[in-house]
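Let's take a look inside a protein and see how its interior is packed and where it leaves gaps. Have the 3D view open as you read.

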Amino acid sequence: MRKLFVIALVNASLCMTLAVSASGQSRGDGMDMSGPLQSGHTMPGMAGRATEKMPAEKMTMKPASLIESLLQHVTSGTDAEPNSTPFGMLMTTKGSWTLMFHGEAFLSEIQQSGPRGSDKLFSTNWWMPMAQRKLGKGMLTIRTMLSFEPATVSDRRYPEVFQQGETAFGRPIVDGQHPHDFFMELAALYDYKLAEHTLLSLYAAPVGDPAMGPPAYPHRASASEDPIAPLGHHLQDSTHIAADVITAGLTHRNFRLEASGFHGREPDEFRWNVDSGKIDSWSARVTANPGQDWSLQYSIAQLHSPEALAASVDVRRMTASIQYNRPLQKGNWASMLLWGRNQDVSGGNVGNSYLLESTLRFLERNYAWTRIENVDRTTELLLGENPEPAGFNERYFTRVQAYTAGYEREVGHIPHLSTALGGQFTWYGVPHVLKPTYGEHPVGAIVFLRLRPH
């Protein structure tokens with residue numbers, strides 16, 4: 001049954017991608033999704049208008065509530081952002097289906113200094129085809145997210161000093177970030193309005209994102225122009241690619257409660273396949289959008305054996321975040337404050353991470369951003385490229401800081417495609433115990449080309 005579900009979702013995603021690419025007629029910048037709950041032939045945010053053949057136009061409606069924002073389903077899993085957060089995507093209609101497509105790709109060159117620094121040309125990317133239609137008294141959404149990083153990130157990692165998490169060639173990844181799986185998400189969602197201001201949501205995904213943390217870094221507006229992962233990724237939002245996810249959520253006005261069951265092991269290093277496993281982990285999340293420009297969440301999860309090299313260790317993860325978005329004339333300002341915490345369930349080994357990031361779009365075609373992190377690191381950093389020795393006991397033992405600033409400008413005028421050139425610079429606060437290994441003042445710089453359909 002699971003294999004049939006995966007095959008059906010993969011085939012549906014291919015059909016959606018081909019249909020939207022062939023049409024490519026419309027653009028969305030924040031749409032009212034109440035339409036599909038009222039009419040199976042209505043374009044989201046276009047209630048009452050015939051949409052069998054849509055002309056090219058720009059949609060500018062914004063959701064007025066958390067429920068309307070959630071019904072857009074433009075982030076992974078069932079995550080939420082402030083209602084005022086803008087987004088762009090290609091969209092069209094085929095019969096009773098509304099088809100959408102969005103994503104992004106960065107082609108980046110990174111240079112890092114210090115004894116552990118490295119350089120590389122690589123691409124981070126993701127692509128999300130999606131289809132929605134009325135089904136019964138609710139709305140069905142079928143969504144797939146794909147990434148070609150298994151091919152565009154060679155040697156199963158790209159350089160990022162002080163980064164940790166997952167494995168490559170049977171060894172822990174240290175000073176590098178792993179690529180995403182080809183299948184980042186294969187999901188079906190069903191939303192049913194119990195009352196005017198109450199929504200029941202169900203989510204099932206052979207590969208998906210459980211109710212844990214804020215939107216993962218590739219999908220949130222506050223990190224939209226930063227091409228690499230935060231150092232705290234594996235203390236904050238690394239569950240955004242998990243196997244065999246089931247989520248139920250209840251939303252009333254601007255308040256939401258969710259619970260998920262899923263397989264706790266993080267993806268293996270073979271990135272082209274679909275991982276699977278029994279549901280052995282759980283998470284719960286509470287979300288509130290107290291106004292158009294704010295979104296708050298607290299979440300907790302029990303992860304069974306998340307790391308392959310520490311299979312006997314279960315982890316309890318907690319996160320809390322505040323997101324703020326402010327639309328501006330000829331721009332937008334998105335920010336987030338995030339705390340994440342991992343604790344070994346049996347041993348009490350505790351690590352914390354703190355992140356502040358903000359992205360400003362101004363004068364329509366310009367972007368500036370920053371990311372500031374304060375993150376606990378484990379003794380795994382001391383291994384470098386070496387395998388873990390027998391009896392190795394990984395413990396949090398020190399804390400590093402990372403400070404990033406970047407700028408980007410959109411260039412060219414290609415229909416339905418935003419292209420931009422940019423760069424960012426990162427410098428680090430190195431604790432005394434790591435200076436012999438990393439040097440006094442390691443830094444990193446990235447220049448990149450960014451592509452995004454809209």
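Here is a quick tour of the cores, the cavities and one pocket. Keep in mind that this is a predicted model. Rolling a probe the size of a water molecule over the atoms is how you find out where empty space is left.

**Nonpolar cores**

- The largest nonpolar core has 13 residues, and the ones touching the most other members are Phe162, Leu231, Leu381, Tyr428, Val430, Leu434 and Tyr438.
- Two strands, β7 (158-168) and β19 (396-414), each chip in at least two residues of this core.
- There's also a second, separate core of twelve residues, with Phe122, Ile228, Ile446 and Phe448 among them.
- Want to zoom in on one residue? Try Tyr438: setting aside neighbours within four places in sequence, its contacts include Phe162, Leu381 and Val430.
- Tyr438 also contacts Gly114, Pro115, Arg116, Val161, Val174 and Asp175.

**The largest cavity**

- The count of cavities of 30 Å³ or more comes to eight.
- The largest cavity holds about 110 Å³ of space.
- It has 14 lining residues, and Glu104, Thr124, Tyr217, Pro218 and Pro227 are the closest to its centre.
- β4 (97-112) and β5 (119-135) are the elements that give two or more residues to this lining, and β5 has the largest share with three.
- Sorted by class, the lining of the largest cavity has seven nonpolar, four polar and three charged residues.

**The second largest cavity**

- This one has a volume of about 80 Å³.
- Its lining includes Glu160, Asp226, Arg371 and Glu373, along with Ile228, Ala229, Leu231 and Tyr428.
- Leu231 and Tyr428 may ring a bell: they were also listed for the largest core, and here they line the second largest cavity.
- β18 (366-378), β19 and β20 (417-429) each supply at least two lining residues, with the largest share, three, coming from β20.
- The class split for this lining is five nonpolar, three polar and four charged.

**The second largest pocket**

- The second largest pocket has a volume of about 620 Å³.
- Of its 31 lining residues, Glu307, Ala310, Asp344, Thr378 and Glu394 are the closest to the centre.
- β7, α4 (233-236), β15 (315-328), β16 (331-344) and β18 each give at least two residues to this lining, and β7 gives the most, with four.
- By class, the pocket lining has nine nonpolar, eleven polar and eleven charged residues.

Conventions. Residues numbered from 1 in each chain as written. Predicted model: local features only at pLDDT ≥ 70, side-chain atom pairs only at ≥ 80, totals over all residues. Heavy atoms only, no water. Core = buried A, V, L, I, M, F, W, Y, C linked by side-chain atoms within 4.5 Å. Buried < 20%, exposed > 50% of the residue type's maximum accessible area, 1.4 Å probe, protein only. Contact = heavy atoms within 4.5 Å. 1 Å grid on protein atoms, 1.4 Å probe; cavity = no way out; pocket = protein on both sides within 12 Å on 5 of 7 lines; lining within 4 Å. Points joined across faces, edges and corners; volume = space filled by probe spheres on them. Nonpolar A, V, L, I, M, F, W, Y, C, P; charged D, E, K, R; others polar.
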